[in-house]
Amino acid sequence: MSVTPDIAVPLQDRFSRELPELAVPWKAEIPPDPRLLVLNEPLAVELGLDPAWLRSGDGLRFLVGNLVPDGAAPVAQAYAGHQFGGYVPRLGDGRALLLGEVTDTHGRLRDIHLKGSGRTPFARAGDGLAAVGPMLREYIISEAMHALGVPTTRSLAVVATGRPVERDTVLPGALLVRVASSHLRVGSFQYSSATRDVELLRRLADHAIARHYPHAADAERPYVALFESVVAAQASLVAKWMLIGFVHGVMNTDNVTISGESIDYGPCAFMEAYDPDTVFSSIDYWGRYAYGNQPTIAQWNLARFAEALLPLFSEDPNEGVALAENAFGGFQHYQTAWQSGMAAKLGLATDKATPLVDELLTLLHESHVDYTSFFRHLGDAARGDAEAARGRFVDPARFDDWATRWRALGPDAKLMDRVNPIYIPRNHLVEEALAAATANDLEPLGHLLDAITAPYTARPGLERYAAPAPVDFGVYRTFCGT
């Protein structure tokens, strides 16, 4: 793990210095034959990193965690979490490492984090490794979310390791280089709270305030202000998920960030036919994390966050609970964001759109209408060509009745085009790209990324990336990839 003068990556070790109780110093495993599969050059430049150097031998060693710059101290982070409602007191980075933090070209502190870099003390029975398919899935989905304007962790690179990974079958191994505003989670606070060390909990909260919500430090009750800020951020985030038909699939408390960024794209997917009961995760047998349940689950997770923070709210437990309950009112921002977002999708002001939304969603559900393409075609209807939209309904007359009332309100087609995407990572196209990449063919991946990273602009030759899945694609199920 030597350092050479060629490394110009000023990584910091702020997390591990300020919160050593939540950080286990660790080293990434050395992959036998690392090979760069995809590099996010615009993100690299934004981070102040030289893409050409990242493609070099030393750059590749940096990306897999085997060449660590001065000032960095790679650690596996400790956290707890409720997984499908059941509390697990010790989770942590079982196959991940925080390499350190870097200040990007906008002056923002960003984490550089590895996923699939080998076993850590938190690995439990896992091998600490990852396969090409799941790591490229996270790259695809996270970059699509960024292009759609959804707060998200980003993907800097995916590197094939040359090490086989045993799952249901033997798969080629890979690791992901992830970038985040931080990796602080609700589970981080649950872990700290469970130690009953109030000063550790306070230092963690102060760290979160300084990094994400510095205005909270000046509030009369800084830790209540922190909670209010996270509630608002998560409410806004989940509203954005719902507006684009995104299903996270595993909304455990260890996957709820304090920053309000989407994180951990495992069994996730975009809904096609509109149905609030849509579930993609192969292990979500009861639909806990179904599309329509996401706002309620977000509130449940935030309640767990409030429980962890209670010792900081007040020395009087009853007062602390009252403060938490009052602060929870901030989740009303979800409804505001959802209503204004749906109004924009209809090209209307919120007060005009609200009476029409529920009726429209019922029609979409009854006819199993593709969510994404319908709203894009609705923009054409606003310009006078309703055929593509109405033809998707079992009973077009019912849509015609709704559309007559909608058009009478004067929808703004240009606004609709700005918020209704043409291209999303459709599930059949994602699977096509991942299967090809697993077989060493990266061309379908490149074509898919080209489409989804400019999702609002129609381009000739990309028609198949705007089309719903073929009828024979069947029921889609995703897996966490561990």
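His368 sits in the loop that links helix H12 (350-366) to helix H13 (371-382). In this predicted model, the phi angle of His368 is near 50 degrees, a positive value in a residue that is not glycine. Most residues other than glycine have a negative phi. With a relative accessible area of 57%, His368 is exposed, because exposed begins over 50%. Asn440 makes a similar entry on the list of backbone oddities: its phi is positive, about 75 degrees, although Asn440 is not a glycine. The loop in this case runs between helix H17 (427-438) and helix H18 (443-452), and Asn440, at 60% relative accessibility, counts as exposed. A positive phi also turns up just after helix H5, where Gly149 takes a value of about 85 degrees.

As for confidence, the mean pLDDT of the protein is 94, and 97% of its residues reach 70 or more. Residues 1-5 are another matter, with pLDDT under 50 throughout. The model does give this stretch eleven contacts beyond four places in sequence. Where pLDDT is low, though, the predicted coordinates should not be read in detail.

The domain assignment splits out domain 1 (11-180) and domain 2 (348-411), and the C-alpha centres of these two domains lie 42 Å apart. A pair of single residues gives another sense of distance: Pro121 and Arg407 are separated by 286 residues in sequence and by 60 Å in space, C-alpha to C-alpha. Pro121 belongs to the loop between strand E7 (109-115) and H5. Its relative accessible area is 34%, which makes Pro121 partly exposed. Not counting residues up to four places away in sequence, Pro121 touches Val24, Trp26 and Arg90.

Turning to the annotated positions, the unreviewed UniProt entry lists Asp254 under "active site". Asp254 is found in the loop between strand E10 (246-247) and strand E11 (269-270). Despite that loop setting, Asp254 is buried, at a relative accessible area of 7%. Leaving aside neighbours within four places in sequence, the contacts of Asp254 take in the run Tyr79, Ala80, Gly81, His82 and Gln83, along with Leu91, Arg185 and Gly187.

Under "binding site", the same unreviewed UniProt entry gives Gly92, Gly94, Arg95, Lys115, Asp127, Gly128, Arg178, Arg185 and Asp264. These positions are spread over 173 residues of sequence, and they are spread in space too, with up to 23.2 Å between C-alpha atoms. One of them, Arg185, lies in the loop between strand E9 (170-180) and helix H6 (186-194). Arg185 is buried, with a relative accessible area of 3%. Beyond four places in sequence, Arg185 is in contact with Asp254, the "active site" residue of the record. Other contacts of Arg185 include Thr253, Asn255, Val256, Thr257 and Ile258, as well as Tyr79 and Asp93. Arg178, also listed under "binding site", is among the contacts of Arg185 as well.

Gly92 is another of the listed positions, placed in the loop between strand E5 (86-88) and strand E6 (96-103). At 9% relative accessibility, Gly92 counts as buried. Its contacts, neighbours up to four places away in sequence aside, are Gln77, Ala78, Tyr79 and Phe122. Tyr79 thus comes up for Gly92, for Arg185 and for Asp254.

Two helices are worth a closer look. H5 (residues 132-147) has 16 residues, which should span 22 Å at 1.5 Å a residue, and its end C-alpha atoms are 23 Å apart, in agreement with that value. Of the 16 residues of H5, 13 are buried, so the rest of the structure largely encloses this helix.

Helix H15 (residues 396-407) has twelve residues and reaches 16 Å from its first C-alpha to its last, close to the 16 Å expected at 1.5 Å a residue. Phe399, Trp402, Ala403 and Trp406 are buried in H15. Those four cover an arc of only 100 degrees around the axis, which puts them on the same side of H15. The general geometry fits: an α-helix has 3.6 residues a turn, so residues three or four places apart point the same way. What covers the buried residues of H15 includes H12, H13, helix H14 (387-390) and helix H16 (413-419). H12 and H13 are the helices on either side of the His368 loop.

Terms used:
Residues are numbered from 1 along each chain as its sequence is written. This is a predicted model: local features need pLDDT of at least 70, side-chain atom pairs count only at pLDDT 80 or more; totals for chains, interfaces and linings use all residues. Side-chain values use heavy atoms; hydrogens and water are left out. UniProt positions are given in the numbering used here, feature names are shortened, and annotations may be inferred rather than shown by experiment. Buried means under 20% relative accessible area, exposed over 50%, partly exposed in between (1.4 Å probe, protein chains only). Contact means heavy atoms within 4.5 Å. Domain bounds come from an automatic or database domain assignment. pLDDT is the predictor's confidence in each residue, from 0 to 100. The expected span of a helix is 1.5 Å times one less than its number of residues. The arc is that of the directions from the helix axis to the C-beta atoms.
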